[in-house]
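Trainee: I would like to learn how to read a protein model step by step. Could you take me through one, feature by feature?

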Amino acid sequence: MARPAALPQGRRPARPGPRELAGLVIVTLVFGAQISTLFLLVQYLHQVLAFSPLVAGLAFLPMTLAILALSRITPRLVGRFGQRPLLLIGALGLTGSFVWLANLDTTSSYFPAVFAPLLLNGICAGRVFMPAASLIVGGVAPEHAGSASGLLQTTQQLGGAIGLAVVVSVKAAGAVPGAFVPGTHAAFLTTAAFTLAAFIATVLGLRPIRKRASRNA
């Protein structure tokens, strides 16, 4: 039976540092909030606003297009300002979009009650996804790139599953049979708590690069 290849002398197995761990936490929380929001909003559009499946899908275009647009310029912003400012702004913006969605009720209309927070969500999510991913895989040695990428994808799936389980449980605690809106206020506030926690993880886990460099000097 073949033995596993030995690591080069002096080379240790890759272990996540503080920045990588912060990235994992941020990805877990943000994906948990995003997947849960999609789950809640699809049902709201169907059951409350009576959108057809096609129209409900098109209703998410503001968020989708905003994420696509930001994904083209975010790498340049990261190169200029670093991950930390973008993650801070993005996490706060996502929190605001979820608090905004928490105000939905049976009298709300798509525009602006759904359209505006979805647009804000897309703009801010586009500022979070790439910087958070780069924290996890950006500084990894080439021989560990596959493992880091797999860890990133696993974290995304795990965050979505855990977040959805928590948010659905919160929604169910306040649900009323035959009505969708009861419980959604607390559910959306729970997603806001996730992204607020991602903001805190960014503050605590990512120290400003300039300050750190000055200390080393």
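Mentor: We will go from the overall fold to single residues, and please keep in mind throughout that this is a predicted model.

Trainee: How many helices and strands does the chain have?

Mentor: A good habit is to begin with the secondary structure elements. Here the chain has eight helices and zero strands, so that, given how elements are numbered from the N terminus, reading along the sequence gives the pattern α-α-α-α-α-α-α-α.

Trainee: What share of the residues counts as buried?

Mentor: A residue is called buried when its relative accessible area is under 20%. By that cut-off, 40% of the 217 residues of the chain count as buried. The accessible surface of the chain comes to about 12,000 Å², and 66% of that surface belongs to carbon and sulfur atoms.

Trainee: What do the contacts say about how far apart in sequence the joined residues are?

Mentor: For this we take contacts between residues at least 6 apart in sequence, and in this chain 80% of them join residues at least 24 apart. One pair of positions can serve as an illustration: alanine 161 and isoleucine 35 are 126 residues apart along the chain, yet their C-alpha atoms are separated by 8.2 Å. Alanine 161 is found in helix α6, which covers residues 145–173, and alanine 161 counts as partly exposed because its relative accessibility is 47%.

Trainee: Which residues of the largest nonpolar core touch the most other members?

Mentor: A nonpolar core is a set of buried nonpolar residues joined through their side-chain atoms. The largest one here has 44 residues, of which Ile26, Leu41, Leu45, Leu104 and Val114 touch the most other members. The elements that give two or more residues to this core are α1 (18–47), α4 (83–101), α5 (115–137), α6 and α7 (184–205), and α1 gives the most, with 11 residues. Looking at isoleucine 26 in detail, and not counting residues up to four places away in sequence, we find that isoleucine 26 touches Leu87, Val128, Ala132, Ala198, Ala201 and Thr202.

Trainee: What does the side chain of serine 36 reach?

Mentor: With a polar side chain, it helps to ask where the residue sits and then what lies around it. Serine 36 is in helix α1, and serine 36 counts as buried because its relative accessibility is 0%. Its side chain reaches the backbone oxygen of glycine 163 at 3.2 Å. Apart from neighbours within four places in sequence, serine 36 is in contact with Gly163, Leu164, Val167 and Thr191. The C-alpha atoms of serine 36 and phenylalanine 188 are separated by 8.5 Å, although the two residues are 152 residues apart along the chain.

Trainee: Is threonine 74 buried or exposed, and which residues is it in contact with?

Mentor: Threonine 74 counts as buried because its relative accessibility is 0%, and its place is in helix α3, residues 61–81. The side chain of threonine 74 reaches the backbone oxygen of leucine 70 at 2.6 Å. Leaving aside neighbours within four places in sequence, the contacts of threonine 74 are Leu86, Gly126, Arg127, Met130 and Pro131.

Trainee: Which residues form a nonpolar patch on the surface?

Mentor: The patch is formed by Leu54, Val55, Leu58, Leu61, Leu65 and Leu68, which together have about 560 Å² of accessible area. Both α2 (53–58) and α3 supply at least two residues of this patch. Leucine 54 is one of the patch residues; it lies in helix α2 and is exposed because its relative accessible area is 62%.

Trainee: Where are alanine 50 and proline 112 found, and what should I look for in their backbone?

Mentor: In loops, it is useful to check the backbone angles. Alanine 50 is found in the loop between α1 and α2, and it has a positive phi of about 60 degrees although it is not a glycine. With a relative accessible area of 63%, alanine 50 is exposed. Phenylalanine 51 is found in the loop between α1 and α2, and its contacts beyond four places in sequence are Leu45, His46, Ala56, Ala59 and Tyr110. Proline 112 is found in the loop between α4 and α5, where a cis peptide bond joins phenylalanine 111 and proline 112, with omega about 5 degrees.

How values were computed. Residues are numbered from 1 along each chain as its sequence is written. This is a predicted model: local features need pLDDT of at least 70, side-chain atom pairs count only at pLDDT 80 or more; totals for chains, interfaces and linings use all residues. Side-chain values use heavy atoms; hydrogens and water are left out. Helices (H or I, at least four residues) and strands (E, at least two) are DSSP runs, numbered from the N terminus. Buried means under 20% relative accessible area, exposed over 50%, partly exposed in between (1.4 Å probe, protein chains only). A polar contact is a pair of N or O atoms within 3.5 Å; within protein, one must be able to donate a hydrogen and the other to accept it, and residues adjacent in sequence count only if both atoms are side-chain atoms. Contact means heavy atoms within 4.5 Å. A nonpolar core is a set of buried Ala, Val, Leu, Ile, Met, Phe, Trp, Tyr and Cys residues joined through side-chain atoms within 4.5 Å. Patches are made of residues with over 30% relative accessible area and no salt bridge: like charges are joined within 9 Å, nonpolar side chains (Val, Leu, Ile, Met, Phe, Trp, Tyr) within 5 Å. Accessible areas come from the Shrake-Rupley method with a 1.4 Å probe; for residues, only the protein chains shown count as cover. A salt bridge is a side-chain nitrogen of Lys or Arg within 4 Å of a carboxyl oxygen of Asp or Glu.
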